[in-house]
Amino acid sequence: APRSRGAAARPTTPVEPGPPVQEGTDWSAWPTYNSAELGFRNYWYPTIWAHQVQQKPVPITLAGERIVLIRDGDTVRGLHDRCPHRGVPLSLGRRQFPGTISCAYHGWTFGLETGRLDAVITDGPDSPICGKLSVATYPVEERLGLLWVYIGDVEPGEEPPPVERDIPTELTENTLVLGGRSEVRDGNWRFGAENGFDEGHAKYLHNTALWRLFKVMPTWNKTRIVEKDGWLIRVQDELHYEAEFPGVGTFTNKRWWKRVPLPDHPDKNGDANPVIAAMDIPGFVSVRMPGLLRVAYPKFIHYEWYVPVDADHVRYVQLMVRFETGATALAFKAKYLSAFRWLFHGQFTRQDAWMVNVTDAPPERLYRPDLSINAWRRHVEKLQPVVQPTERRVGH
Ligand code: FES
């Protein structure tokens, strides 16, 4: 079918039948990444806020797996959200006995810690099926006010890696104050991650964001990508241009352009970015596995996790962190709740969400600024993480 409506509207113009899309690049150069529609195994992922799990069990989907989060005193447990009897979600169940959940349908009762079938209320105390089966359990940890769930293979009697492995060290080793949002958005997690690290969009898509009035945006120019401590870091010399664009006219990026002070690129007063310097963070924008972006502004750091939900949904966890205590911390919290939450974690990143939802690649044709996207995909190929299979059956 012809792609151009204009051509189709003029019947006298012969139209060559052609492929429905232009020739472009598929993702075969990144086979691991290409198959990771549901993300990677053997990582801890941030999910919902701990305070969201109270008496009522809360169902979530993570990397295509249905999980129910259940509060058990001070801790939160994670179980596969499917009763092995007839497949009813355990998240609909009753909390009748301490440390257990009973399926709402026939009262099969599972221990929260072990996932084992401990009692079958409708089959009497001598029910022979008791203790014969269990539902899969998921390691859950609370950090930074969020519930972190481990998706991976833990052998019986073994422990998963510590959750700190998957949280940036500056967040676990310092006193801090934070504000944040965790919400499920449309689109695959990879488009979220690519959008976050994609420097071509920041000053164009977000040119209408109110947040732009207050903060600098990174832009593409003479970018190099370096790797340090598991992070991919964009190192840039931003350039101001006013140029003739052939066939388009004169255009300047003056309104967008503002130098970001970096340790090796001090601003005009000779100052380096104080947060970057103090935290020994090597760049303004960096990304790491399993899909975390870090943007180090001079006074705070913004983090975005792109957590796979299913093929078409991504959990977008945003944190804005200041390493302060006392009155400064309180003032930051107040500013976050009254302004930043709406300007930055709202209007600004909803522009990203809009694009993540409508991105339709591959096929794709890349351009110079996409070297950051390519670097991210290459990084994944180099690490060879375990891909979460698209058909995965959990439990017994
Ligand atoms: Fe769960 Fe029957 S379906 S007890």
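In this predicted model, I101 stands opposite F110, a residue of β6. The strands β5 and β6 (residues 108–111) run antiparallel and are joined by three bridges. Both belong to an open sheet of three strands, arranged in the order β5-β6-β7 with antiparallel pairing. Because β5 (100–102) and β7 (117–120) stand at the edges and have a single partner strand each, one side of each is left without a neighbour in the sheet. From one strand to the next, the twist averages 25°.

**Chain and domains**

The chain as a whole contains eight helices and 19 strands, and of its 396 residues 35% count as buried. Among the contacts with a separation of 6 or more, 56% are accounted for by residues that lie 24 or more positions apart. The chain is divided into two parts, domain 1 (43–160) and domain 2 (170–383).

Between these domains, 12 residues of domain 1 are in contact with 12 residues of domain 2. On the domain 1 side, the elements that give two or more residues to the touching surface are β1 (43–49) and β2 (58–62), and the largest share, six residues, comes from β1. By class, that side of domain 1 has nine nonpolar residues, three polar residues and no charged residues.

**The nonpolar core**

Which residues touch the most other members of the largest nonpolar core? They are L62, L69, L147, V149 and V307, within a core of 77 residues. Domain 1 and domain 2 both give residues to this core, so it lies between them. In soluble globular proteins, nonpolar side chains tend to be buried together. The surroundings of V149 can be listed individually: when residues up to four places away in sequence are not counted, V149 touches Y45, T47, L62, I67, G78, Y138 and V140.

**Exposed residues and backbone details**

E158 has its place in the loop between β10 (146–151) and α3 (169–172). Is this residue buried or exposed? E158 counts as exposed because it has 7 C-beta neighbours inside 10 Å, where the cut-off for exposure is 12 or fewer. E158 and T250 are 92 residues apart along the chain, and their C-alpha atoms are separated by 63 Å.

Two residues other than glycine have a positive phi: D229, with phi near 50°, and Q384, also with phi near 50°. D229 is found in the loop between β12 (224–228) and β13 (231–235), whereas Q384 lies in the segment after α8. With 12 C-beta neighbours inside 10 Å, D229 counts as exposed, and Q384, with 9 such neighbours inside 10 Å, counts as exposed as well.

The model also contains cis peptide bonds, listed here with the omega value of each and the loop in which the proline lies.

| Cis peptide bond | Omega | Place of the proline |
|---|---|---|
| M289 to P290 | about 0° | P290, loop between β16 (285–288) and β17 (292–296) |
| P362 to P363 | near 0° | P363, loop between α7 (326–358) and α8 (371–383) |

In the bond that joins M289 and P290, the residue before the proline is a methionine, whereas the bond from P362 to P363 links two prolines. The loop that holds P363 ends at α8 (371–383), and Q384 lies in the segment after that helix.

How values were computed: Residues are numbered from 1 along each chain as its sequence is written. This is a predicted model: local features need pLDDT of at least 70, side-chain atom pairs count only at pLDDT 80 or more; totals for chains, interfaces and linings use all residues. A nonpolar core is a set of buried Ala, Val, Leu, Ile, Met, Phe, Trp, Tyr and Cys residues joined through C-beta atoms within 7 Å. A residue is buried if 20 or more other C-beta atoms lie within 10 Å of its own, exposed if 12 or fewer, and partly exposed in between; C-beta atoms are placed from the backbone. Domain bounds come from an automatic or database domain assignment. Two residues are in contact if their C-beta atoms, placed from the backbone, lie within 7 Å. Helices (H or I, at least four residues) and strands (E, at least two) are DSSP runs, numbered from the N terminus. Ala, Val, Leu, Ile, Met, Phe, Trp, Tyr, Cys and Pro count as nonpolar, Asp, Glu, Lys and Arg as charged, and the others, Gly among them, as polar. Two strands pair if DSSP finds at least two bridges between them. Axes are lines fitted to C-alpha atoms, for helices over the stretch in contact, and angles run from 0 to 180 degrees between N-to-C directions.
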